[in-house]
Amino acid sequence: MDFRTDKLLHGGDYNPEQWLKRPDILAKDIDMLEESGCNVVSLGIFSWSTLEPEEGVFNFGWLQEIIDKLYKRGISTILATPSGARPKWMADKYPEVLRVDETRHRALFGFRHNHCYTSPVYREKIRIINKKMAEEIATHPGVILWHISNEYGGECHCPLCQSAFRGWLKKKYNNDIKEVNRKWNTAFWSHDYQNFDQIESPTPLGETSIHGLVLDWKRFVSDQTIDFCKAEIQALRDAGNHKPVTTNLMYNFPTINYHEMAKVL
């Protein structure tokens, strides 16, 4: 989708939800943004717990008000989807959304990007809030672009991801386990597999020396991340919003094929 502007977009991330009880600070923020020549900010990154403080209870008023105040001062908004950090109520009620590391331990609630890209629950929850934001916030004339999530990255080794990985391998190798053994040279150190259900993602508790497994896991993680990004965007489109989408990337990040991700942005 084409996007044109007659000026250089100059701004940065803005997190006003941290200061909602201090209207004096919020007012000063806008003064300083204008004084510094900023004509755009990114809003909504890591705001999920403020946007949906309880499951199914949405609080968009504060964000709509700030977008409007910025717009009246000539400052546009790049609106972010909030999937970079999930709220505590979600982690408590749906622990499957939390990542499992390579040692097969599930993370506790906390830190950013602690979520499983495969989890149907997580995908559904982000689809719901993305659609609502598209319908209720992004229609404001001050919103010019979408910022999808934040710095996609990381991997999950949970049972859901193990199953998805095996499905990915079956598709790649035409459901032929003998072809997997041949391509991965599993005869080395007696690593042959008899069926796809025996395959686990690389782990220091088990296998890390089959280079084909390690490489295919990296490719799977990249594909799964891009598929999640694509699903986030589709939620916006299904809500009838067709504003351009982008995200922030991290140079030549080693765990995502940015050349492929560029095709969905």
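Okay, histidine 115: it sits in the loop between α4 (88-93) and α5 (120-136), with helices being DSSP runs of H or I of at least four residues, strands E runs of at least two, both numbered from the N terminus. Keep in mind this is a predicted model, where local features need pLDDT of at least 70, side-chain atom pairs count only at pLDDT 80 or more, and totals for chains, interfaces and linings use all residues. Residues are numbered from 1 along each chain as its sequence is written, and side-chain values use heavy atoms, with hydrogens and water left out.

So, is histidine 115 buried or exposed? Buried, at a relative accessible area of 1%; buried means under 20%, exposed over 50%, partly exposed in between, with a 1.4 Å probe and protein chains only. Which residues does histidine 115 touch, leaving aside those up to four places away in sequence? Ser83, Gly84, Ala85, Arg86, Val97, Arg99 and Tyr122, where contact means heavy atoms within 4.5 Å.

Tyr122 takes us to α5, as it's one of that helix's buried residues, along with Val121, Arg123, Lys125, Ile126, Ile129, Asn130, Met133 and Ala134. What covers them includes α2 (48-51), α3 (61-72), β3 (76-80), α4, β4 (143-147) and α8 (211-238). As for length, α5 has 17 residues and reaches 24 Å from first C-alpha to last, close to the 24 Å expected at 1.5 Å a residue; that expected span is 1.5 Å times one less than the number of residues.
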